[in-house]
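Me: I would like to go through this model by question and answer. Please keep to what can be read from the coordinates.

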Amino acid sequence: MSAPVISRTRVVAAPPEAVFAVLADPRRHPLIDGSGSVRGVTRGPERLSLGARFGMEMRIGVPYRITNTVVEFEEPRRIAWRHFGGHVWRYELEPVPEGTKVTETFDGRPSKAPWLLRLMGVERTHPTAIEATLDRLAALVEGGLVEDSQAGEAADQRPDAAGSDRST
């Protein structure tokens, strides 16, 4: 059984450095999460780098904690992480005249249990959650709440863009 690969793309009206600054700051992940499952950071660096480990508070039905490891890091073009399950969350950034083309991908191919991903319904839930994440990312970055090279003081404000209660 093949594992799912789900991608969505959106143009964000900001330079790649501003978008990357949000993605490389795990404290900002709950702000942009369109699935409703990412609740907060439990541990890790303020800024991610290749090999960095960071813990997140999550909720998919029940609360739990998970540790992710950054497995791809090319500033300001690509960042990806995975946890013990093996599947990868990847963001690829490409400068375009309008700002940055951001592609978010859930890559289930390296998963240790691709059958479980299918059982969880990721092919049904993830497209909508990814689209909501990209919308929230754009709202945060375009709203001027993020500086190009560092997180601003507005990190605790969730953007008004519509979110989703679907799990990722």
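Me: Where is the place of P76?
Reply: In this predicted model, strand 4 covers 62-74 and strand 5 covers 78-82. P76 falls outside both ranges, in the loop between strand 4 and strand 5.

Me: What is the peptide bond from E75 to P76, cis or trans?
Reply: The omega of this bond is near -10°. The peptide bond from E75 to P76 is therefore not trans but, with omega near -10°, cis.

Me: How many helices and strands are there in the protein?
Reply: From the N terminus on, the elements run β-α-α-β-β-β-β-β-β-α-α. The totals are four helices and seven strands.

Me: Which helix gives the most to the largest nonpolar core?
Reply: The largest nonpolar core has 34 residues. Those with the most contacts inside this core are V19, L23, I79, V102, L137 and V141. The helix that gives the most, with seven residues, spans residues 122-142 and is helix 4.

Me: Which residues does V19 touch, not counting residues up to four places away in sequence?
Reply: V19 is one of the residues with the most contacts inside the largest nonpolar core, and V19 is buried in helix 1. Leaving out residues up to four places away in sequence, V19 touches V12, L93, T100, V102, L137 and V141.

Me: How many of the residues of helix 1 are buried?
Reply: Helix 1 spans residues 16-23 and is mostly covered. The buried residues are P16, A18, V19, F20, A21, V22 and L23. Of the eight residues in helix 1, the number buried is seven.

Me: Is W115 buried or exposed?
Reply: W115 is found in helix 3, residues 114-120. Together with L116, L119 and M120, W115 makes a nonpolar surface patch of about 440 Å². Exposed means over 50% relative accessible area. The relative accessible area of W115 is 54%, so W115 is exposed.

Me: What share of the contacts with a separation of 6 or more is between residues 24 or more positions apart?
Reply: The protein has 168 residues, and buried residues make up 48% of them. Among contacts with a separation of 6 or more, residues 24 or more positions apart account for 56%.

Me: Over which residues is the pLDDT below 50?
Reply: The protein averages a pLDDT of 87, and 85% of the residues score at least 70. One stretch has 56 contacts in the model beyond near neighbours in sequence, but its pLDDT is below 50. Where pLDDT is low, predicted coordinates should not be read in detail. The stretch with pLDDT below 50 is residues 147-168.

Conventions. Residues numbered from 1 in each chain as written. Predicted model: local features only at pLDDT ≥ 70, side-chain atom pairs only at ≥ 80, totals over all residues. Heavy atoms only, no water. Core = buried A, V, L, I, M, F, W, Y, C linked by side-chain atoms within 4.5 Å. Buried < 20%, exposed > 50% of the residue type's maximum accessible area, 1.4 Å probe, protein only. Helix = DSSP H or I, 4+ residues; strand = E, 2+ residues; numbered from the N terminus. Contact = heavy atoms within 4.5 Å. pLDDT = per-residue confidence, 0-100. Patch = residues over 30% accessible without salt bridge, like charges linked within 9 Å, V, L, I, M, F, W, Y side chains within 5 Å. Areas by Shrake-Rupley, 256 points an atom, 1.4 Å probe, with all protein chains shown as cover. Salt bridge = Lys/Arg side-chain N within 4 Å of Asp/Glu carboxyl O.
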